[in-house]
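Here are some friendly notes to read with the model open beside you. Take the points in order and find each residue as you go.

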Amino acid sequence: MTENLNFQCFNLKELRDSNFKCSEIKIIDLRHPEETAISQLKITEFEIINIPYFALRKNLNILDRNVHYALYCKDGIMSKLQSAILNESGFQNISILVLE
């Protein structure tokens, strides 16, 4: 049941310092393409994958279940909703990225 899921939220420093079971961490930017065009994430140490929230389900096949995905959206609401979709699809290495 997704209503009982509680995903950890990390800021960028915590994500850098994390000790996840996975050796690889990627950020999924869930924002609308118009928003990402105006304000791109300026993070160099992690690969950023731009998949708008409305297209995540259609793109699950391009994601690797052995990678830790930190989901990002401006307010965190879509990140939490989409993390439940990933979890229901068999992804276990998920967190929410919160940028100040």
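Before we start, one term: a residue is buried if its relative accessible area is under 20%, exposed if over 50%, and partly exposed in between (1.4 Å probe, protein chains only). Please keep in mind that this is a predicted model, in which local features need pLDDT of at least 70, side-chain atom pairs count only at pLDDT 80 or more, and totals for chains, interfaces and linings use all residues. Residues are numbered from 1 along each chain as its sequence is written, and side-chain values use heavy atoms, with hydrogens and water left out.

1. **The sheet as a whole.** Helices (H or I, at least four residues) and strands (E, at least two) are DSSP runs, numbered from the N terminus. Two strands pair if DSSP finds at least two bridges between them. Here, five strands make an open sheet, in the order β1-β5-β4-β2-β3, with parallel pairing. Which strands stand at the edges? They are β1 (9-10) and β3 (47-50); each has a single partner strand, so one side of each is left without a neighbour in the sheet.

2. **Strand β5.** Look at both faces of this strand: I94 and I96 lie on one side, S95 and L97 on the other, and all are buried. A general point helps here: in a regular strand, side chains alternate between the two faces of the sheet. On the β1 side, β1 and β5 run parallel and are joined by two bridges. Try finding F10, whose bridge partner in β5 is L97.

3. **From β4 to β5.** These two strands pair in the parallel sense over three bridges, and Y69 stands opposite I94 in β5. The chain passes from β4 through α3 to β5, in a right-handed β-α-β crossover. Right-handed means that, with the strands pointing away from the viewer, the path from the first strand over the helix to the second runs clockwise.

4. **Strand β4 itself.** How many of the residues of β4 are buried? The answer is five of its five, so β4 is mostly covered. H68, A70 and Y72 point one way from the strand, while Y69 and L71 point the other way.

5. **Strand β2 and its two neighbours.** β2 (residues 25-29) is also mostly covered, with five of its five residues buried. I25, I27 and D29 point one way, and K26 and I28 the other. Towards β4, five bridges join the two parallel strands; I25 has H68 as its bridge partner there, and D29 has Y72. Towards β3, the pairing is parallel over four bridges; K26 stands opposite E47, and the bridge partner of I27 is I48. Helix α2 (residues 33-38) joins β2 and β3 in a right-handed β-α-β unit.

6. **Helix α3.** This helix lies across β1, β4 and β5, and runs at about 170 degrees to β5. Contact means heavy atoms within 4.5 Å; axes are lines fitted to C-alpha atoms, for helices over the stretch in contact, and angles run from 0 to 180 degrees between N-to-C directions. A84 has its place in α3 and is buried at 13% relative accessibility. Its C-alpha is 8.8 Å from that of F7, although A84 and F7 are 77 residues apart in sequence.

7. **Aromatic pairs.** Rings of Phe, Tyr and Trp (its six-membered ring) pair if their centres lie within 6.5 Å; planes under 30 degrees apart count as stacked, over 60 as edge-to-face and the rest as tilted. The structure holds two such pairs. Y53 and F54 have ring centres 5.3 Å apart and planes at 85 degrees, so this pair is edge-to-face. Y53 is partly exposed at 32%, and so is F54 at 48%. Y69 and F91 are edge-to-face too, because their planes are at 70 degrees, with centres 6.2 Å apart. This pair links distant parts of the chain: Y69 is in β4 (residues 68-72), and F91, 22 residues away, is in the loop between α3 (77-88) and β5 (94-97). Y69 is buried at 1% relative accessibility, as is F91 at 2%.

8. **A charge over a ring.** Finish at F91 once more: the charged end of R65 sits over its ring, 4.4 Å from the centre. This label applies if NZ of Lys or CZ of Arg is within 6 Å of the ring centre and within 35 degrees of the ring normal.
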